[in-house]
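This report goes through a protein structure for a reader at the bench. The sequence and the coordinates come first, and the notes follow.

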Amino acid sequence: LREKKVDKKLIAIPGFFSFVTYWKKSTPAYRNLVSGLLLFAVVNSSDVFLLLMLKENGATDFQMIGIYIFYNLIYALFAFPLGAIADKVGLKKMLIAGLLLFTLVYAGMAIAKTTLWFLVLFAGYGIYAAATEGISKALIVSVCDNNEKATAIGTYTAFQSISALIASALAGWVWYAFGPVFVFIYPAIASLLVAFWLVQKKI
């Protein structure tokens with residue numbers, strides 16, 4: 001840690017890799033949760049691969065843009081109601097439900113051929129995003145100490161960014177080595193395993 005003098009007070013400024021130190025001293029519930037989320041993140045590649053799958057199945061550029069706008073609209077419409085439901089039924093339950101929906105969507109992406117099916121799957125993908133993105137951070141906040149909430153989210157975000165880079169690089173390699181179908185099969189399996197991981201762990 002470096003120290004910086006501001007208004008005659010010494011403020012400790014964390015170093016660039018201080019998130020590693022925080023991970024070691026964080027609560028067990030936080031480590032259980034974030035371990036599952038990062039296992040998911042390391043196989044959850046960029047949305048670009050979803051659009052490439054559309055292209056692979058003959059979608060025009062106009063259709064690709066339209067379907068992606070549709071996905072974002074579904075995400076926006078469902079974010080608030082799913083957040084409200086999660087407050088009532090439990091954040092963990094909603095997160096697990098979102099991961100299971102991701103499993104179904106990605107398994108469907110591996111076999112979908114028609115525009116209608118892709119519309120249905122992208123709608124499901126939007127609901128999955130609404131059920132997990134904000135809720136995962138809310139759940140992180142709920143399992144860490146009150147004076148470390150921003151640190152806990154920042155640590156998760158740091159690891160998640162690294163995982164996202166790995167996930168997209170891996171997906172690109174799998175696409176060219178084995179074909180686009182496999183890009184969606186192994187994340188579907190991994191998200192199912194993560195859902196079971198979270199069910200078993202005390203969070």
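Which side chain meets that of D61 in a salt bridge? The side chain of K55 does, with an N to O distance of 2.7 Å. Note before reading on that the model is predicted.

## Salt bridges

The structure holds 2 salt bridges. Side chains of opposite charge can pair when their charged atoms come close. In the bridge between D61 and K55, D61 counts as partly exposed because its relative accessibility is 48%. K55 is also partly exposed, at 42% relative accessibility.

The other bridge is formed by the side chains of K25 and E148, at 3.6 Å from N to O. K25 lies in helix α1 (residues 18–25) and E148 in the loop between α6 (115–142) and α7, so this bridge ties together parts that are 123 residues apart in sequence. K25 counts as exposed, with a relative accessibility of 56%. E148, at 15% relative accessibility, falls under the 20% cut-off and therefore counts as buried. Leaving aside residues up to four places away in sequence, E148 touches Y22 and K25.

The residues of both bridges are listed below with their relative accessibility.

| Residue | Relative accessibility | Class |
|---|---|---|
| K25 | 56% | exposed |
| E148 | 15% | buried |
| D61 | 48% | partly exposed |
| K55 | 42% | partly exposed |

## Overall layout

The protein chain has 8 helices and 2 strands. Read from the N terminus, the order of the elements is β-β-α-α-α-α-α-α-α-α. The C-alpha trace spans about 65 × 40 × 35 Å along its principal axes.

Of the 203 residues in the protein chain, 40% are buried. Among contacts with a separation of 6 or more, 74% are between residues 24 or more positions apart. The protein chain exposes about 11400 Å², and 70% of this area is supplied by carbon and sulfur atoms.

## Aromatic side chains

A search of the whole structure finds 15 aromatic pairs. One of them joins F40 and F102: the ring centres are 4.8 Å apart and the planes stand at 85°, so the pair is edge-to-face. F40 belongs to helix α2 (residues 28–41) and F102 to helix α5 (residues 91–111), so the pair ties together parts that are 62 residues apart in sequence. F40 and F102 are both buried.

Another pair is made by Y71 and Y75. Their ring centres are 6.4 Å apart and their planes are at 25°, so this pair is stacked. The centre distance is within the 6.5 Å cut-off for a pair, and the angle is under the 30 degrees required for stacking. Both tyrosines, Y71 and Y75, lie in helix α4 (residues 61–89), 4 residues apart, which is about one turn of the helix. Y71 is buried at 4% relative accessibility, whereas Y75 is partly exposed, with a relative accessible area of 22%.

These four residues also belong to a cluster. F40, Y68, Y71, Y75, F102, Y106, Y125, Y128 and F184 form one aromatic cluster.

A tryptophan takes part in a contact of another kind. The charged end of K201 sits over the ring of W197, at 4.5 Å from the ring centre.

## Nonpolar surface patch

Which residues form a nonpolar patch on the surface? They are L170, W173, F178, V181, F182, I185, I189 and L193, with about 760 Å² of accessible area together. Helices α7 (149–178) and α8 (180–200) each supply at least two residues of the patch. The largest share, 5 residues, comes from α8.

F182, one of the patch residues, is found in helix α8. Its relative accessible area is 43%, so F182 is partly exposed.

## Recap

Two points can be kept in view when the model is inspected. The bridge between K25 and E148 ties together parts 123 residues apart in sequence, and the ring pair of F40 and F102 ties together parts 62 residues apart. On the surface, the nonpolar patch draws its largest share of residues from α8.

Note on methods:
Residues numbered from 1 in each chain as written. Predicted model: local features only at pLDDT ≥ 70, side-chain atom pairs only at ≥ 80, totals over all residues. Heavy atoms only, no water. Phe/Tyr/Trp six-rings, centres within 6.5 Å; stacked < 30°, edge-to-face > 60°. Buried < 20%, exposed > 50% of the residue type's maximum accessible area, 1.4 Å probe, protein only. Lys NZ or Arg CZ within 6 Å of the ring centre and 35° of its normal. Patch = residues over 30% accessible without salt bridge, like charges linked within 9 Å, V, L, I, M, F, W, Y side chains within 5 Å. Areas by Shrake-Rupley, 256 points an atom, 1.4 Å probe, with all protein chains shown as cover. Salt bridge = Lys/Arg side-chain N within 4 Å of Asp/Glu carboxyl O. Contact = heavy atoms within 4.5 Å.
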